[in-house]
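Dear colleague,

I am passing on the structure we spoke about, and I would be grateful if you could keep it open while you read the notes that follow.

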Amino acid sequence: MTSTLSPNLARLLEVADRATTDAPVTVTGPLRVGVDLGTAYTVIFVVDESGLPVAGAYRFADVVRDGVVLDYAGAVDLVRRLKSQIEQRIGRGLTTAAVTIPPGVPVSEVRSHGYVVEAAGLECTAIVDEPTAANAVLQVADGAVVDVGGGTTGIAVLRDGEVVATADDPTGGTHLTLVVAGAHGISFEEAELLKRDQRNHARLFPVVRPVLEKIGTLVADRIRGYDVEQIYLVGGTSAFTGIADVVASVTGVPAVVPGAPLFVTPVGVALHDTGGDAG
Ligand SMILES: Nc1ncnc2c1ncn2[C@@H]1O[C@H](COP(=O)(O)OP(=O)(O)OP(=O)(O)O)[C@@H](O)[C@H]1O
Ligand SMILES: [Mg+2]
């Protein structure tokens, strides 16, 4: 574990717990909004003037796969609902948002992400790749930020605070779930629930280990030649107990999960929203 949690990350750990409740929140000043359209979860987070997360909402939905919007109408409807859920909690309207895309893909190929946000009633102010978004929270100057999501593993290599390389590979939590389903002869949905429960991780580890090693190999391939000294793991799949040790042993580079893996990227993308309505 890293000892230098940024204030955002420390606060994130607190807020993440309350992210899906309906508890009202009072917030003053300009707000910034981030939308993370994922294969597994679509997440919205709102940060205040100082960049601290104030409210978030997320839902498991099959509208995006491996960074591609599969169900446009479904995605728009989902973002609209999450938006209105947050608006009710904070008693204010949201007007702008930044949105994530997978890394290593030309923006021209993922304009759909911006269109989803706009169709949901938010002016899209920025389109940011996932690990770069995550780094707005982590503030890594040198190292690799790895977002292990549902469908893909996105990587950004940073040198002196600049992103020098990004890539995205189609292996993630979905593949862990598939091997769990196969090994236990259960449905994908059942395996997903089993896998997300921390109490089952030690027991499932031998089954998912080859997938975690594959993810480690992808990271090793992508950071080769960049002199990376530390790997930071975010994304929901980084919540799987033991992933950091596997990635570290495959790559030979120390790896940590700084905390709240599901919410680092969504909060980070909110920090890229340049709209900041005065409410
Ligand atoms: N506690 C947990 N333990 C293990 N895996 C988890 C846990 N919570 C969530 N996950 C997994 O994290 C994945 C979703 O993570 P995330 O929301 O970062 O992905 P995504 O953004 O939807 O996908 P992508 O970025 O690949 O499009 C799912 O595969 C889910 O099963
Ligand atoms: Mg993601």
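Which atom of ligand 1 is 2.7 Å from an N or O atom in the side chain of Thr39? It is an oxygen atom of ligand 1 that is placed 2.7 Å from that side-chain N or O atom of Thr39, and please bear in mind throughout that this is a predicted model.

Staying with the ligand, 22 residues surround ligand 1, and the closest are Thr39, Ala40, Tyr41, Glu192 and Lys195. Lys195 also has an N or O atom in its side chain that is 2.7 Å from an oxygen atom of ligand 1. The backbone takes part as well, since a polar backbone atom of Gly150 is 2.9 Å from an oxygen atom of ligand 1.

I then turned to how the helices pack, beginning with helix α2 (residues 72-90) and helix α3 (residues 111-119), whose axes are 8 Å apart and which pack at an angle of about 50°. An angle that falls between the roughly parallel range, under 35 degrees, and the roughly perpendicular range, 65 to 115, counts as oblique, and α2 and α3 are therefore oblique to each other. In passing α3, helix α2 makes a right-handed crossing. On the α2 side the contact involves Tyr72, Ala75, Val76, Val79 and Arg80, which meet Ser112, Tyr115, Val116 and Ala119 of α3. By class, the residues of this contact between α2 and α3 are seven nonpolar, one polar and one charged.

Further along the chain, helix α7 (residues 201-223) and helix α8 (residues 243-251) have axes that come within 8 Å and cross at roughly 50°, which makes α7 oblique to α8. The crossing of α7 and α8 is right-handed. Here Phe205, Leu212, Glu213, Gly216, Thr217, Val219 and Ala220 of α7 meet Ile243, Val246, Val247, Val250 and Thr251 of α8, and the residues of the contact divide into eight nonpolar, three polar and one charged.

Helix α7 also packs against helix α5 (residues 173-184), at an angle of about 140° and with the axes 9 Å apart, so that α5 and α7 are oblique to each other. The crossing of α5 and α7 is again a right-handed one. From α5 the contact is made by His175, Leu176, Val179, Val180, Ala183 and His184, and from α7 by Arg203, Leu204, Val207, Val208, Val211, Leu212 and Ile215. Sorted by class, the contact of α5 with α7 has 10 nonpolar, two polar and one charged residues. Leu212 of α7 is thus listed in the contact with α8 and in the contact with α5.

With best wishes

Technical notes
Residues numbered from 1 in each chain as written. Chains lettered and ligands numbered in written order. Predicted model: local features only at pLDDT ≥ 70, side-chain atom pairs only at ≥ 80, totals over all residues. Heavy atoms only, no water. Axes fitted to C-alpha atoms, helices over the stretch in contact; angles between N-to-C directions. Helix = DSSP H or I, 4+ residues; strand = E, 2+ residues; numbered from the N terminus. Parallel < 35°, antiparallel > 145°, perpendicular 65-115°, else oblique. Left-handed = near helix turned anticlockwise from the far one by under 90°. Contact = heavy atoms within 4.5 Å. Nonpolar A, V, L, I, M, F, W, Y, C, P; charged D, E, K, R; others polar. Near = heavy atom within 4 Å. Polar contact = N/O pair within 3.5 Å; in protein donor to acceptor, adjacent residues only side chain to side chain.
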